[in-house]
There are 2 protein chains.
Amino acid sequence: MVKVQSVHSQAIHAEERAHEADHPSSQVARFGAEQPLRLDCGVDLAPFQIAYQTYGELNADKSNAILVCHALTGDQHVANIHPVTGKPGWWQTLVGPGKPLDPERFFIICSNVIGSCMGSTGPSSTNPATGKPWGLDFPIITIPDMVRAQAMLIDRLGIDRLFCVVGGSMGGMQTLQWTVAYPKRVASALAIACSTRHSAQNIAFHELGRQAVMADPDWRHGRYYEEGTYPHRGLGVARMAAHITYLSDAALHRKFGRRMQDRELPTFSFDADFQVESYLRYQGSSFVERFDANSYLYLTRAMDYFDIAADHNGVLAEAFRDTATRFCVVSFTSDWLFPTSESRNVVHALNAGGARVSFAEIETDRGHDAFLLDVPEFVDIARAFLQSAGVAHGLVAKGK
Amino acid sequence: MVKVQSVHSQAIHAEERAHEADHPSSQVARFGAEQPLRLDCGVDLAPFQIAYQTYGELNADKSNAILVCHALTGDQHVANIHPVTGKPGWWQTLVGPGKPLDPERFFIICSNVIGSCMGSTGPSSTNPATGKPWGLDFPIITIPDMVRAQAMLIDRLGIDRLFCVVGGSMGGMQTLQWTVAYPKRVASALAIACSTRHSAQNIAFHELGRQAVMADPDWRHGRYYEEGTYPHRGLGVARMAAHITYLSDAALHRKFGRRMQDRELPTFSFDADFQVESYLRYQGSSFVERFDANSYLYLTRAMDYFDIAADHNGVLAEAFRDTATRFCVVSFTSDWLFPTSESRNVVHALNAGGARVSFAEIETDRGHDAFLLDVPEFVDIARAFLQSAGVAHGLVAKGK
């Protein structure tokens with residue numbers, strides 16, 4: 001076990017560098033010059049590293065490994081206290097003792113994606129050619145690149161085949177990409193609230209976020225690390241925009257409606273009169289404390305470029321032709337970022353490709369965020385899918 | 001007729017002040033200290049002025065006047081070449097010879113709302129107390145304030161009763177407010193793609209836009225006029241966000257999909273690879289050339305505060321009780337900013353209040369923007385409504 005390098009702190013507060021103690025005891029897999037990451041953009045990235053957390057034990061025949069793929073602003077801290085925010089793991093509804101992904105049964109791996117900022121190599125990491133942070137000199141990465149790096153990590157862990165790959169949103173994109181890029185290495189896949197391509201509206205919202213970051217003079221064309229600035233205003237605005245898309249109109253109405261904040265009458269000012277305004281401001285300001293602005297640019301770009309069908313002559317079913325992976329696709333009725341119609345497209349393509357697939361469209365008004373929330377029907381479906389996949393793969397006894 | 005004062009140019013380019021020639025020959029109604037505008041926030045605004053355009057002639061008994069209310073970033077140039085952009089009027093589909101609002105028949109008035117920047121008094125106007133632009137010292141205005149100012153203009157024009165008030169989006173809010181505030185002065189009302197209150201999601205998008213403007217250091221707490229700066233980046237981001245909400249997911253998909261801009265392969269960069277990115281960037285940058293950033297703050301705030309029911313003990317039907325106005329409410333199925341369900345609520349309240357109301361829910365994938373576009377079914381409905389209202393009010397002969 002190696003302590004993660006403090007690449008993140010450079011990004012967060014230029015003035016608070018080298019607070020290594022703030023950083024987690026994540027394990028780190030380092031890959032040297034002899035093992036470059038071949039990126040879709042044509043660059044060989046080397047050296048690079050992947051930070052990851054594990055929960056549970058790998059069994060003797062290495063057949064019980066589950067890879068959890070995180071979403072855009074997630075990280076490897078899926079089921080432990082977050083080292084920066086002090087908050088519980090981001091997927092405690094699904095991962096933990098007695099949960100569908102139970103460390104008593106499974107060896108659960110969650111790695112920080114390449115391009116992110118929680119210990120894996122990204123734009124805030126040091127560019128070995130200059131000794132300075134990469135900034136915008138970091139090569140553009142894609143969802144397939146993220147998955148390629150994860151595959152190298154899985155190799156390093158000595159695991160040939162994953163029992164399951166699980167993820168929601170950008171994590172769901174990685175999950176689907178795993179089944180396409182490494183069909184023999186994925187016994188089962190649970191893809192939640194995602195799609196095989198980013199829509200025009202999704203790209204539009206991401207472009208809005210990127211422009212907000214880039215509009216902030218403190219962004220300094222991505223060189224804020226060296227200049228001692230941080231584009232906290234621009235990144236805050238980007239996060240506010242994203243947060244609106246994570247909730248449904250109904251959920252915002254239920255949570256906030258037109259209720260005022262600590263008052264009954266309007267102040268006739270630009271103060272945060274409405275609760276929804278305070279909520280958004282808080283989401284924006286708390287996010288910038290834990291995330292690197294350049295990583296936000298790179299990861300949104302990776303999602304925009306994602307289009308599995310495009311790599312298969314425009315025919316999505318071809319990507320899944322004769323797959324042996326067992327699929328479960330989950331969507332939420334009020335998710336307008338990754339609408340349930342996108343999941344249906346995936347299911348149709350899987351059916352056309354001859355895959356075994358179950359599909360659950362869960363009725364909820366909680367929007368895209370539902371995959372991170374305690375939605376009992378979703379948890380039950382995840383449990384049932386892992387149970388049946390476990391039985392099929394001889395991992396768990398029937399009825400256990 | 002008085003040439004409009006150059007209050008707008010102060011807002012747009014501090015360095016390009018006094019280009020009066022760029023500004024329209026809008027008529028201006030000036031109200032002095034003896035005729036203050038009583039604002040909901042408690043302030044008496046005086047002096048103030050309203051810039052407006054008219055089309056057609058007022059008939060002898062002054063019974064053929066139609067007031068058109070513009071939307072958030074609209075203005076009085078409803079059916080003439082815009083003096084700043086050089087583009088055609090913003091509602092040529094509805095207003096003009098042979099159109100439903102035909103200047104041959106009607107005297108059509110469109111005034112720039114109070115708080116805006118095309119000649120009516122707003123934050124870019126001169127504060128008489130200081131001799132400098134108001135900036136954020138301008139009082140907060142509301143939709144009822146806009147309507148109160150319009151009523152003073154209508155008085156000035158010697159018109160007692162409007163044959164019709166027409167508007168979409170924020171213009172629809174004003175239309176509904178007219179029927180509530182001055183029920184005897186409005187014979188008919190055509191309210192399009194609007195609601196009687198702003199939803200939590202609507203407020204969230206507006207707050208996002210305001211935060212984007214305020215995050216721009218060139219905004220200078222609203223004092224950019226004197227400081228020779230302009231928050232073009234922040235306002236551009238705000239406009240991009242708004243534009244996403246004006247189009248439906250389907251419309252964005254049809255218009256742009258995942259098509260690349262002038263290329264087939266991705267550049268693996270943050271350039272505008274996708275057409276939808278170029279489109280948004282253009283929308284953002286062209287908007288800042290014609291609109292005052294502080295006006296954007298004030299007008300979005302006015303929409304957020306709008307809630308007709310709140311002023312009637314929370315019972316919307318009470319607002320419309322025993323109204324003599326003839327209503328037509330129009331919504332568009334793919335409008336997610338002012339969803340058709342909001343229009344249904346208005347119609348239910350109108351029915352409960354005993355109003356004569358017709359409701360048209362128009363099937364289109366063009367989103368909120370549909371009210372500004374050439375949607376034949378919508379144009380036909382507007383024509384039919386004005387025809388029947390004209391007959392009922394003895395204004396046009398049956399079948400004419």
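Author: Welcome! In what follows, helices (H or I, at least four residues) and strands (E, at least two) are DSSP runs, numbered from the N terminus. Residues are numbered from 1 along each chain as its sequence is written, while chains are lettered from A and ligands numbered from 1 in the order in which they are written. The model is predicted, so local features need pLDDT of at least 70 and side-chain atom pairs count only at pLDDT 80 or more, whereas totals for chains, interfaces and linings use all residues; side-chain values use heavy atoms, leaving out hydrogens and water.

Reader: Thanks! Over residues 64-372 of chain A, how far apart are the end C-alpha atoms?

Author: UniProt places the feature "domain: AB hydrolase-1" on this stretch, in an unreviewed entry. Its positions are given in the numbering used here, feature names are shortened, and annotations may be inferred rather than shown by experiment. The stretch is 36% helix and 14% strand, and its end C-alpha atoms are separated by 24 Å.

Reader: Which stretch of chain A keeps a pLDDT under 50?

Author: pLDDT is the predictor's confidence in each residue, from 0 to 100. Chain A averages 92, and 93% of its residues score at least 70. Where pLDDT is low, the predicted coordinates should not be read in detail. In chain A, pLDDT stays under 50 over residues 1-24.

Reader: What kind of rotation axis relates the two copies?

Author: Chain B superposes on chain A with an RMSD of 0.0 Å, after a rotation of 180° and 0.0 Å of shift along its axis. The two copies are therefore related as by an axis that is two-fold. The fit is by least squares on the C-alpha atoms of residues with pLDDT of at least 70 in both copies. To name it once more, the axis is two-fold.

Reader: And what share of the interface residues of chain B are also interface residues in chain A?

Author: The copies meet through the same surface, because the share of chain B's interface residues that are also interface residues in chain A is 100%.  That share, again, is 100%.

Reader: Which residue follows A:A46 across a cis peptide bond?

Author: The bond has an omega of about -10°. The residue after the bond sits in the loop between β3 (44-45) and β4 (48-55) of chain A. In chain B, the bond from B:A46 to B:P47 is likewise cis, with omega near -10°. In chain A the residue is A:P47.

Reader: Is A:N313 buried or exposed?

Author: A:N313 is found in the loop between α9 (293-305) and α10 (316-319) of chain A, and its phi is near 55°, a positive value in a residue other than glycine. Buried means under 20% relative accessible area, exposed over 50%, and partly exposed in between (1.4 Å probe, protein chains only). At 78% relative accessibility, A:N313 counts as exposed.

Reader: Which residues does A:D369 touch, beyond four places in sequence?

Author: A:D369 lies in the loop between β12 (356-362) and α12 (376-392) of chain A. With a relative accessible area of 14%, A:D369 is buried. Counting contact as heavy atoms within 4.5 Å, A:D369 touches A:Y246 and A:L247.

Reader: How far apart are the end C-alpha atoms of helix α11 of chain B?

Author: Among the buried residues of α11(B) are B:T340, B:V346 and B:L350, and what covers the buried residues includes α3 (170-181) and β11 (326-332) of chain B. The expected span of a helix is 1.5 Å times one less than its number of residues. The 13 residues of α11 (340-352) should therefore span 18 Å, and this agrees with the end C-alpha separation of 18 Å.
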